[in-house]
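Biologist: I am new to this structure and would like to be guided through it. Could we look at it together, starting with how the copies relate?
Modeller: Certainly; here it is.

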Protein chains: 2
Amino acid sequence: MYLRKKRHMAREVIVLRYGHRVIRDERVTSHCCLVARALGAQKIIIVGERDKVVKKGMEKVTRKWGGKFKIEFTNSWTNSLHRLKKKGFIVVHLTMYGLPISALSKTLENSKKIVLVIGSKKVERRMFEKSDYNVSVTSQPHSEIAALAIVLDRVFSGKELGKVFRNAKIRVIPSNGKKLVKKLQ
Amino acid sequence: MYLRKKRHMAREVIVLRYGHRVIRDERVTSHCCLVARALGAQKIIIVGERDKVVKKGMEKVTRKWGGKFKIEFTNSWTNSLHRLKKKGFIVVHLTMYGLPISALSKTLENSKKIVLVIGSKKVERRMFEKSDYNVSVTSQPHSEIAALAIVLDRVFSGKELGKVFRNAKIRVIPSNGKKLVKKLQ
């Protein structure tokens with residue numbers, strides 16, 4: 001248990017969401033934020049319009065369910081990636097045109113600092129060039145939310161599913177037949 | 001290769017999406033359909049309003065990218081589940097209140113006929129009762145799209161990521177730096 005905690009603490013995974021439009025993308029971007037948090041990332045950086053609804057909603061979730069998940073907005077993804085690369089992050093761009101994720105599984109498991117880039121609108125060619133790896137979760141059209149989930153699952157080798165969030169006000173008691181929730185504070 | 005194909009052929013996985021409203025849920029439901037198809041399910045049954053935009057969009061994807069994915073609508077999820085149970089399907093309801101998915105991994109890998117139920121709006125208590133298993137992909141709030149992806153990945157043990165879709169008109173050539181697409185027909 002100690003080792004597992006330590007491993008989680010030692011790693012930094014940030015999601016960069018390329019492209020967000022207020023109202024139109026609200027729900028899908030919120031799904032991306034929630035998945036990033038639930039499956040072990042520390043932060044999401046959203047490239048696009050600053051969206052108070054998404055930000056407040058996400059902060060509310062974190063206050064209630066615990067952890068330290070952060071949400072930020074930026075107008076310049078190139079600046080953000082540049083800064084993160086300088087800090088030692090590898091940039092992994094999830095795209096249906098990339099190499100199969102299986103080819104990168106060892107790198108994902110062993111890297112301490114990872115930025116996972118997920119698109120919404122059409123991604124600029126430069127993103128392919130600026131990324132260290134362009135990888136695909138199937139080469140079929142589907143969903144950036146699903147791709148993010150599968151890749152986080154590979155990064156944390158399935159252990160993220162049992163992650164405990166500190167300072168939660170509420171926690172689910174897993175059950176086969178009922179909704180059981182425990183108040184903690 | 002022969003064995004893998006055979007295993008895929010021998011199994012039936014159907015997704016039942018509980019709750020869909022025209023326009024409001026269009027994008028999220030489309031993501032669910034695309035993920036179901038890309039990660040190896042044969043069919044999605046949508047409980048709610050018949051949505052031509054979602055249906056046509058999905059049929060277009062299948063014509064272009066191959067495979068035999070089906071999309072259906074129903075007004076009665078109880079009837080649909082009843083019929084499927086009679087045919088030998090087990091019903092697995094994905095909910096943050098359920099038992100951890102890890103507890104069910106052997107069952108998922110070995111069952112030949114599975115219905116995966118995913119919610120959108122609040123799910124009726126009866127769904128918990130009618131399902132054979134209520135399972136969670138983390139007990140944190142996140143996304144039914146992500147939960148579906150992780151569970152399909154467990155059902156097919158990661159092999160779904162390499163699935164080849166027959167009769168495709170177009171196929172991606174995986175690459176680390178460019179968008180490469182091959183026309184097949």
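Modeller: One definition first: copies are superposed by least squares on the C-alpha atoms of residues with pLDDT of at least 70 in both. Please keep in mind that this is a predicted model.

Biologist: With that in hand, what turn and what shift lay chain A on chain B?
Modeller: A turn of 180° with a shift of 0.0 Å along the axis does it, and the RMSD is 0.0 Å. The two copies are thus related as by a two-fold rotation axis.

Biologist: Which C-alpha of chain A is nearest the axis?
Modeller: That of A:Ala146, which lies 2.3 Å from the axis. Both copies also use the same surface, since 98% of the contact residues of chain A recur in chain B.

Biologist: How many residues does each chain bring to the contact?
Modeller: Chain A gives 43 residues and chain B gives 42 residues. On the side of chain A that touches chain B, at least two residues each come from α2 (26-38), α3 (52-65), β4 (90-100), α6 (125-130), β6 (133-136) and α7 (144-155) of chain A.

Biologist: Which of these has the largest share, and what classes of residue are there?
Modeller: The largest share, 6 residues, is that of α2(A). By class, this side of chain A has 25 nonpolar, 13 polar and 5 charged residues.

Biologist: Moving inside, how many residues does the largest nonpolar core have?
Modeller: It has 100 residues. Those with the most contacts inside the core are Leu116, Leu148 and Ala149 of chain A and of chain B, that is A:Leu116, A:Leu148, A:Ala149, B:Leu116, B:Leu148 and B:Ala149. In soluble globular proteins, nonpolar side chains tend to be buried together.

Biologist: What is B:Leu116 in contact with, neighbours within four places in sequence aside?
Modeller: Its contacts are B:Val13, B:Val15, B:Val92, B:Leu94, B:Leu148 and B:Val151. One of these, B:Val92, has B:Leu116 as its bridge partner in β5(B). The strands concerned, β4 (residues 90-100) and β5 (residues 113-119) of chain B, pair in the parallel sense over 5 bridges.

Biologist: In what order do the strands of that sheet run?
Modeller: The open sheet of chain B has 6 strands in the order β3-β2-β1-β5-β4-β6, with parallel pairing. β3 (70-74) and β6 (133-136) of chain B stand at the edges with a single partner strand each, so one side of each lacks a neighbour in the sheet. On average, neighbouring strands are turned by 30° against each other, direction ignored.

Biologist: Which strands does helix α4 of chain B touch?
Modeller: Helix α4 (residues 77-86) of chain B packs on the sheet and touches β1 (12-18), β2 (43-47), β3, β4 and β5 of chain B. The direction of this helix makes about 165° with that of β1(B).

Biologist: Back to chain A: how many residues of β1 are buried?
Modeller: In β1 (residues 12-18) of chain A, 6 of 7 residues are buried, so the strand is mostly covered. β1(A) pairs in the parallel sense with β5 (residues 113-119) of chain A over 7 bridges, where A:Arg17 stands opposite A:Ile118. Another 5 bridges join β1(A) to β2 (residues 43-47) of chain A, also parallel, and A:Leu16 has A:Ile45 as its bridge partner there.

Biologist: And A:Ala10, buried or exposed?
Modeller: A:Ala10, in helix α1 (residues 2-10) of chain A, is exposed, because 9 other C-beta atoms lie within 10 Å and the cut-off for exposed is 12 or fewer.

Methods. Residues are numbered from 1 along each chain as its sequence is written. Chains are lettered from A and ligands numbered from 1 in the order in which they are written. This is a predicted model: local features need pLDDT of at least 70, side-chain atom pairs count only at pLDDT 80 or more; totals for chains, interfaces and linings use all residues. Two residues are in contact if their C-beta atoms, placed from the backbone, lie within 7 Å. Helices (H or I, at least four residues) and strands (E, at least two) are DSSP runs, numbered from the N terminus. Ala, Val, Leu, Ile, Met, Phe, Trp, Tyr, Cys and Pro count as nonpolar, Asp, Glu, Lys and Arg as charged, and the others, Gly among them, as polar. A nonpolar core is a set of buried Ala, Val, Leu, Ile, Met, Phe, Trp, Tyr and Cys residues joined through C-beta atoms within 7 Å. A residue is buried if 20 or more other C-beta atoms lie within 10 Å of its own, exposed if 12 or fewer, and partly exposed in between; C-beta atoms are placed from the backbone. Two strands pair if DSSP finds at least two bridges between them. Axes are lines fitted to C-alpha atoms, for helices over the stretch in contact, and angles run from 0 to 180 degrees between N-to-C directions.
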